[in-house]
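Morning, everyone. I'll take you through one structure today. Please have the sequence and the model up on your screens.

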Protein chains: 4
Amino acid sequence: MSTPNPLTWARDHAPVLADLTDEFREERPFEGLTVAICSHLEASTGVFVETIHAGGAECLVAPSEPKSTHADVIDHLDSREGIRTFAEPDMSDRAFERAQSDLLAERPDLIADDACELIARAHASHPDAVEEAIGGVEQTTAGVRRLEAIDADAGLGFPAYGVNDTPMKRCFDNVHGTGESSLVNVAQITNTALSGKTVVVGGYGHCGRGIARKARGLGARTVVTEVDPRKALEAHMDGHLALSMAEAAEIGDLFVPSTGSRDVIRRAHFERMRDGAQLANAGHFDVEIAVDDLEAMAERTTEPIAGVTRYHLPDGRRLDLLTEGRLVNLTGPNSKGHPIEVMDTTFAMMAVALRELAVGERPEPGVHAVPDRLDREVADRKLAAVGGSRDDLTAKQEAYLSDWALDGEAF
Amino acid sequence: MSTPNPLTWARDHAPVLADLTDEFREERPFEGLTVAICSHLEASTGVFVETIHAGGAECLVAPSEPKSTHADVIDHLDSREGIRTFAEPDMSDRAFERAQSDLLAERPDLIADDACELIARAHASHPDAVEEAIGGVEQTTAGVRRLEAIDADAGLGFPAYGVNDTPMKRCFDNVHGTGESSLVNVAQITNTALSGKTVVVGGYGHCGRGIARKARGLGARTVVTEVDPRKALEAHMDGHLALSMAEAAEIGDLFVPSTGSRDVIRRAHFERMRDGAQLANAGHFDVEIAVDDLEAMAERTTEPIAGVTRYHLPDGRRLDLLTEGRLVNLTGPNSKGHPIEVMDTTFAMMAVALRELAVGERPEPGVHAVPDRLDREVADRKLAAVGGSRDDLTAKQEAYLSDWALDGEAF
Amino acid sequence: MSTPNPLTWARDHAPVLADLTDEFREERPFEGLTVAICSHLEASTGVFVETIHAGGAECLVAPSEPKSTHADVIDHLDSREGIRTFAEPDMSDRAFERAQSDLLAERPDLIADDACELIARAHASHPDAVEEAIGGVEQTTAGVRRLEAIDADAGLGFPAYGVNDTPMKRCFDNVHGTGESSLVNVAQITNTALSGKTVVVGGYGHCGRGIARKARGLGARTVVTEVDPRKALEAHMDGHLALSMAEAAEIGDLFVPSTGSRDVIRRAHFERMRDGAQLANAGHFDVEIAVDDLEAMAERTTEPIAGVTRYHLPDGRRLDLLTEGRLVNLTGPNSKGHPIEVMDTTFAMMAVALRELAVGERPEPGVHAVPDRLDREVADRKLAAVGGSRDDLTAKQEAYLSDWALDGEAF
Amino acid sequence: MSTPNPLTWARDHAPVLADLTDEFREERPFEGLTVAICSHLEASTGVFVETIHAGGAECLVAPSEPKSTHADVIDHLDSREGIRTFAEPDMSDRAFERAQSDLLAERPDLIADDACELIARAHASHPDAVEEAIGGVEQTTAGVRRLEAIDADAGLGFPAYGVNDTPMKRCFDNVHGTGESSLVNVAQITNTALSGKTVVVGGYGHCGRGIARKARGLGARTVVTEVDPRKALEAHMDGHLALSMAEAAEIGDLFVPSTGSRDVIRRAHFERMRDGAQLANAGHFDVEIAVDDLEAMAERTTEPIAGVTRYHLPDGRRLDLLTEGRLVNLTGPNSKGHPIEVMDTTFAMMAVALRELAVGERPEPGVHAVPDRLDREVADRKLAAVGGSRDDLTAKQEAYLSDWALDGEAF
C-alpha cells in the first residue's frame, strides 16, 4: 500500500476546485501575477493553492492561525515550483506575525485573506504592499467587518470582494461547515454524547443556527442566546429555548458561542454554571469565551483529557474549556477543520472572485459584494457535482414575474 | 356556557396586537384618518382591524380573496361604529372586484394591502384614490413585487412600506405560518399521513423551506425544486433531494408549490405523475398549479372527498387537486388560515408601519423598506410575550464590533 | 362532477385491504360466519367491513365511541346486503350501550373489537354470546389489557388475538396514526402554531413517542412525563425534557396525555398551569384528563372557538380543554380520525387475525399473540404497496446467525 | 498544570458507576470472588473495573478486540493491587487469543463478557473454568445470541444474564452510543460532511435506527436496508427510504451496516457502487462488510488518509473502506469508542447483574433475562444523575390499570 500525496483525499472531495483547476490551466487567468493566500494551512487550503497556481500565479502562502498548520501540507506545497509558504506547524505568536510581514514584503498583486489578517496588517504597517496590490478577497464574517472598518477609517487601498457575504459562502461554510465540524470535534475531544445534553449556542447567525439545528438533530436540547430580538424569536420558533446567557448559564451542559463578538461568555456567566460544564468556541479567534476571567477565577488548572483545560474554582466547581478557547473545529488534538466539500465551495468562491479581479472589470477601491453571477456559477458547478438538478424559468414565468398587471388580467 | 364574540380566541393568542391596542387607545395615532384594510377576512384580521380602530381610525375592510371570508367576523366588525366591511362570504369574482372598487371610492388615507390588490386597482382605475392616499403597507411577497413593478412602470403615487420584506414577516409568517398551516390542512382535508410520503416542495424561499423542513420533521421524504442553484444546493445540504420538477414528478406523493410564480406544475409534469398524486397550492392566487392543463387533460372529474377535485386522465391515472388549486391553508372546507400567533406578528408589523406613515416622518412616494427599529420593536414585544429573553451588547462588545484594530492589539 | 360513495377515498388509500378484499372474495374464509365489528364508524372502518364482507361474512357493526360515527358511512353500509349497523351519529351513552347489547343478542361467531367494548360487555352480561363465539380480535392497548384482566379474573370464553400488540399495529397505528393526527387536529381546532410551543406529552409509549417526536419535528419544545424511569431516560436522550407532571404543568403551553391511564393531568397540575394552557387527550376514553376536577375548580365555562371548552378559574386563569377531554383526533368538530394508510395496516392485521380464527388452527380460549407470520404477511404486502424493498437473508447469513461457533472459526 | 490519572475524565461522566462504587465499597458484594472482565480496554472500562474492585473482587481483565486497548488505561489498572490485565495495545490475533486463555486458566468466579469471547472460549476449551464459574453477564447483541446457541447446543455451564437485552442497554448503548459515535468517527476520519450525503444504514435494529435518525438529524438523506418487512416499513414511515442493498448500492455516498450479520455488503453490491463510496462498519467484528470480496476485486490499494483503505477497482472506481472494516467507532486512528455517559449505563447494568449473581438468588444454568427491578434501579439512578424527574402511579391509577371493569363502571 503506497501513501499518496497529502492533498489527494481533499482533491477527491473538492469537485468544483477540480473543475476550476482544469479551466484555469487552460485559461491562465493569473499569468504573471503573485497571489498571497492566508488561511488555515490544511489539505483543502492546499488544493485551493494548487488551483490558483494552475491559473499561472506565483503563490505565497501564510497561516491565518498560529497553531493550525499541517506539516505535510506545507512540505508538499513547498516542493512545487511557484509556491512558497511562510509557515511552520505550531508557531509562536511572534513567529506568526513575522511570517505575515515577510510575505507582505513580497508585495503580492492579489490577496486571498482570512479574518483580514494580511490586509489589515498591510494597511497598518506595509504601505508599499497596499500600493502594489490590485485587489483582495476575504472569506470570513469578522474579516469583512474589519475590511469595512478599515475602509470607513483610512480608506481601503484597493478593491476587495467580501466573499463571506455571498449566499454560497454563508449558507454552506458557516451553516454546515462550522455547524457540523464544531459538534463533531466536541464529541471527539470529550468522548461524551450530544444526545441528552443541553447545548447553549451563543448567536443565531449562520454558524449558530447550523450548530443549534444539528445539535437538536442529534438529540440535544438547545438554548440560543442572541442580542437581536428577531433572531431570538426565530430560534424560539425553530424549537430552541431563547434565553439570556445569564439564564442559559444555569442550565447548560455545553456552551458553543459563534457570534463574532468577544466575551460572549464571561465571569458573570461562569459564576452561574454547573460543575462540569463544557466550553467550546466555534466563533473566531479566541475571544468569544473570556479565558482571562477563567484564569482569574480558578485556583488551579488540570488537563483531564487531551484538548481540555479544567478550571478548578474555589467553590469546587470545575469548568472544562476545550482547545484553550480557540476554534474547536480547527485546534483540537486531532482536528481537521471544516469538511472538505464545504471548503470546496468557499475556496471556489475565493477562486472566481480572484479571477474576476485578475481578468474582469476591476471595481473601485473599497469593499464590494461579489457579483451574483459568480455566486451562481459556483452554485451550478457544485449542484452538478452532487448530482442535483434544478429548473429554469420558462419564458411565460419570466414574463409573469416581471409583470405587475399579472399576466394581462387587468381590471 | 355562553358564546363570546368571534374575535375572543384570536385576541387571546395575539399578545402583540393586544399590547399595541392598549397603546393606540392611549395615543390615537390614526385620529381623523380613514384606513383601508384588505386581507383574508378571518378572526385574526378582525383583531387587526380593531387594533387600528382603537388608534382612532375609521376602518374600511375588503377581502383579498373571494372565498375566504368568515361571516361571523364581518358581522362582528359591522356591528362596531367606525368600521365598515365590503365583503360577503363566498363572493363571485365580479362581486369581489366591485367590493374593492366601492371601498376605493371612499378614498382612504392609508391602505393596508394584501397582494397589492387595492393599491394596484387604485393605480389602474381609481386615480382620485391614489391622489388622496398618504401611504400604504403591504404584507405579501407577490404584493411587494407588484408594488415595485407599478413604481418602475408609472410611478407609485404615495409611499408604501413593504412589510413582507421585514425579517419579522418573512421569518414568521412565511416559514412558520405557511409552512405549518399548509401541511396541517393537507392532512386534515385528505385524512392521509405525511409520515412516509414523498413530498415535493416547489421553491425554497421562506415558505418553501418552512414546508420542507416541517414535512421532513413529520417523517416525510422531501424533494425540493428550485430555479436558483444556491437554493437548490441549500436544500441538498439540508437533507432534501434537489431535483427538477420533471424528475420530481415521477416520485412525489404530494406536491406543494410556493414559489410566487405560475405554472410551476404543468402538463409536462402531470404527464409523469403517479396515480393518486396529491396537488396542493401553498403559494399565491391559484396559478402555481396549471389547473387549465389538468382540465384539458382530464376525461372527467369527481370529488372523492370534500376539498379534493379528482382529475381522471385517459390512461387511468387519477390526480387529486386540493381546494381547486387555491391556497390550501385558507380555502379548504374547514381551513382557518395561518396560526394566530403568526398573524399577530405580521399584523403588528402592519400596524406599526401604518403608525409610522400616520405620525412619523413620511418618506417619498415609492416602495420603502420598513425601518429596522420598527421590526425590532415588534420583535421585542413578541419575545417578551412568549417568555423568551435576549442579551444586550456590552459597551466593550460594541466597541469591539466597530473597531477594526481588534481591541488595540495593533501590529 | 359526480360524488362517489363515501368509501372511495378511504379505499384508494388502503392498498392492503384492497389486496385482501380481492383474495377474500376468491377464498371466502368467512363463509357462513357472522362477524361483529366494533370500531369508530368512519370511512376506513367501512372499508374494513367490506373486506370482511367480501370474505363471505355476515357483518354486524357497532360503534366503539358514541360521538364518532359518520352518517354517510353507516348509510352506505346499511345499503349493502349482509351488513347491518347498530349505530347512529351522536348517540347518548344509553343508546350506545343498548346498540352493543342488541348486536350481542345476535350471538356473532367472531368479534373484531375496539377497547374490548363488545367482549367485556359479553362477559359481563351476555353469557350466551360468549358461549357461541369462536374467537375475537382486539385493536387497542387498553382493550388487550382488559382482555387479560377478564382472562385472569373469570376466564375468557374463547381465544382472542391481541392485534394491538403486534409490531405492525403498535409501530404504525400508535406512533404514526395517533402521533400525527392528534397534532393535526390540535392545530386545526385551535388555529394556533405548534412551532414555538412547549408541548407536554404524557407517557412515552408508542403513542407518546410518536406525538413527542413529531411535535419536536414541527419546531416545538417538548416535555415528556413518565412513570417508568427507562422511558423517561429514553425521552431525555431523544432530546425531550423528562419531568414530573407537576413540574411540566408550570411550563407547558399544550398538554397531550396518551398513557392509557386515568387522571394523568389532575387538580394538582391544573393549579400550577399558565393562563391559556391547552389540554388535548390523545389516550383513550375521556379519563386521561380529570375533567371532573376542572368542573369543580371552574367558576364558569365558555366556548371561545368550536371544539374548545374554556374553564375560567377563580384566580383569573383560563384553561382550554379540547373536545371535552375525549380523543382529540376523533371527536373534534372536523376530525377524521387516524390517517387512512395507518388504518389500512391496523385493519389488515385485524382481517388476517380473523381469517386465522376462521380457517386456521384455532388456539385455546385466552389471550394470544398474533402469530408472527401474519404480521410479516401484512408488512410485506404494505411494503410492496408503498414501493419499498427489502433484502432476504442469504443461506450463508442464516447459517452465521444460528452458528454460535461463528462460521467455523473455532478456537 | 498536572495530568490526572487516565480514568478521571471517564469517572466524571459516569455518575451511576460513581454511585455504585460508593455503595459497593460499603457493602463489599464481591468479597472473596474473582471477576473476569472482557471488554474494549479504554477509560470507561477502567472505571467499570474499579467499580467491581471497590466491591471486594479480584479483577482479571482481558481485551475483547485486539486493536482497541489504550496503554495508559492498562498501565493504570495494573498499578492497583487486586487488578491484573491480560492485554497489550495492538495485539496480534494469536496474542489476543492467548491472553484470553491465560485469563481463563485462573478460573474466575464471575465473567463479565463482551461478544461472549471468554464464555465461548471457556466452553470450547477450558472445561475447568466452566465448572468453577458461578455466573456470567454479557453486554452485546451478538454475545447473547452466542450464549443462546451454546446453551441450545451443549448447555451453558452456569447462569448468565443477557445484559444486552435490557431496555437500559439496548436503548442507550445501541441507539445513542453506537449511533452517535459511529457518525462522529466517520466525520472525523474522513473530514467530510454528513449534511448532504446519502447515508445507507444496514439494519434497523437499535443501532441502525440510532445511526439513521442521527444522520437524518444532521442533514443527510437516509436509506435503510432490512430483512424484516416490519422494520423496513418502520424506516419508511420514519422518513428513510426502504430499499434492498442492491438498490441502495447505486445511490449511497456512505454505507454503515450494523445488523449483527455477515456480508451485509458484498461483491454484488460493490459492483454497483459509485466511485468514492465510503464503507464504515458499525456492527460487530469485521464481518458486516465482505472485505475479502473487496480484496479480490481490487487491482491495488492505497491509504489516501489515515484510517481509510482505498480499493482501486479495474474499472477505475475507488471504494474507501474505513478502519479495515472493523468497528469504526472503536478502531479509527483517534477513536475513543462509545460516549462515556452511555458506557456508564451499560457498565452499571453489568455491575448490578454481577452483584445479583454474587449476593442474590442465583438462577439455574442457562441464559436469563436481567430482572426488571435491576433495570429500573439503574434507570432511576441515571435519571436522577441527569436531572430528570418522573411520576409515580397514584393508588387510583394502579387500581385503574389492573381493573378490567374500568373503575367500577360495570355494565
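Two strands count as paired here if DSSP finds at least two bridges between them. Keep that in mind for strand β13 of chain D, residues 308–312. Five bridges join β13(D) to β14(D), and the two run antiparallel. One caution before going on: this is a predicted model.

Let's stay with β14(D). That strand covers residues 318–322. Is it mostly covered or mostly open? Mostly covered: four of its five residues are buried. On the β13 side, H312(D) has R318(D) in β14(D) as its bridge partner. Five residues sit between the strands of this hairpin. One to look at is G316(D), which takes a positive phi near 95°.

β14(D) also pairs with strand β11 of chain D, residues 278–279. Here the sense is parallel, over two bridges. L279(D) has L321(D) in β14(D) as its bridge partner. So we have β14(D) antiparallel to β13(D) and parallel to β11(D). As a reminder, strands of a sheet pair through backbone hydrogen bonds, in either of those two senses.

Now the whole sheet, and for that I switch to chain C. Eight strands form an open sheet, in the order β9-β8-β7-β10-β11-β14-β13-β12. The pairing in this chain C sheet is mixed. Which strands stand at the edges? β9, residues 241–242, and β12, residues 300–305, both of chain C. Each has a single partner strand, so one side of each is left without a neighbour in the sheet.

Further in, look at β7 of chain C, residues 198–202. Five bridges join β7(C) to β8(C), residues 221–225, and these two run parallel. V201(C) stands opposite V224(C) in β8(C).

On to helices. Take α2 and α17 in chain A. α2(A) covers residues 15–27, and it packs against α17(A) at an angle of about 120°. Their axes are 9 Å apart. The crossing is right-handed. What meets what? From α2(A), it is P15(A), V16(A) and D19(A). From α17(A), it is V378(A), R381(A), K382(A) and A385(A). By class, that contact has four nonpolar residues, no polar ones and three charged.

Next, α6 of chain D, residues 117–125. This helix is mostly covered, with seven of its nine residues buried. The buried ones run E117(D), L118(D), I119(D), A120(D), R121(D), A122(D) and H123(D).

For contrast in setting, go to E97(D), in helix α5 of chain D, residues 93–104. E97(D) has 15 other C-beta atoms within 10 Å. Buried needs 20 or more, and exposed needs 12 or fewer. Therefore E97(D) is partly exposed. Its C-alpha is 30 Å from that of T8(D), which is 89 residues away along the chain.

Now the assembly. Start with A and B. A turn of 180° and a shift of 0.0 Å along the axis lays chain A on chain B, with an RMSD of 0.0 Å. That is the relation of a two-fold axis. Which residue of chain A comes closest to the rotation axis? G217(A), with its C-alpha at 5.0 Å.

How many residues make the contact of A with B? 55 from chain A and 55 from chain B. On the chain A side, α6, α8, α9, α11, α12, α17 and α18 each give two or more residues. α11(A) gives the most, with seven. By class, the chain A side has 25 nonpolar, 11 polar and 19 charged residues. And 100% of the interface residues of chain A are also interface residues in chain B, so the copies meet through the same surface.

Last, D and B. Chain D can be laid on chain B by a turn of 180° and a shift of 0.0 Å along the axis, again with an RMSD of 0.0 Å. Nearest that axis in chain D is the C-alpha of R221(D), at 4.2 Å. This contact takes 11 residues from chain D and 11 from chain B. The chain D side has three nonpolar, five polar and three charged residues. Here too, 100% of the interface residues of chain D are interface residues in chain B, so these copies meet through the same surface.

That's my tour. Questions welcome.

Terms used. Residues are numbered from 1 along each chain as its sequence is written. Chains are lettered from A and ligands numbered from 1 in the order in which they are written. This is a predicted model: local features need pLDDT of at least 70, side-chain atom pairs count only at pLDDT 80 or more; totals for chains, interfaces and linings use all residues. Copies are superposed by least squares on the C-alpha atoms of residues with pLDDT of at least 70 in both. Two residues are in contact if their C-beta atoms, placed from the backbone, lie within 7 Å. Ala, Val, Leu, Ile, Met, Phe, Trp, Tyr, Cys and Pro count as nonpolar, Asp, Glu, Lys and Arg as charged, and the others, Gly among them, as polar. Axes are lines fitted to C-alpha atoms, for helices over the stretch in contact, and angles run from 0 to 180 degrees between N-to-C directions. A crossing is left-handed if the near helix is turned anticlockwise from the far one by less than a right angle, and right-handed if clockwise.
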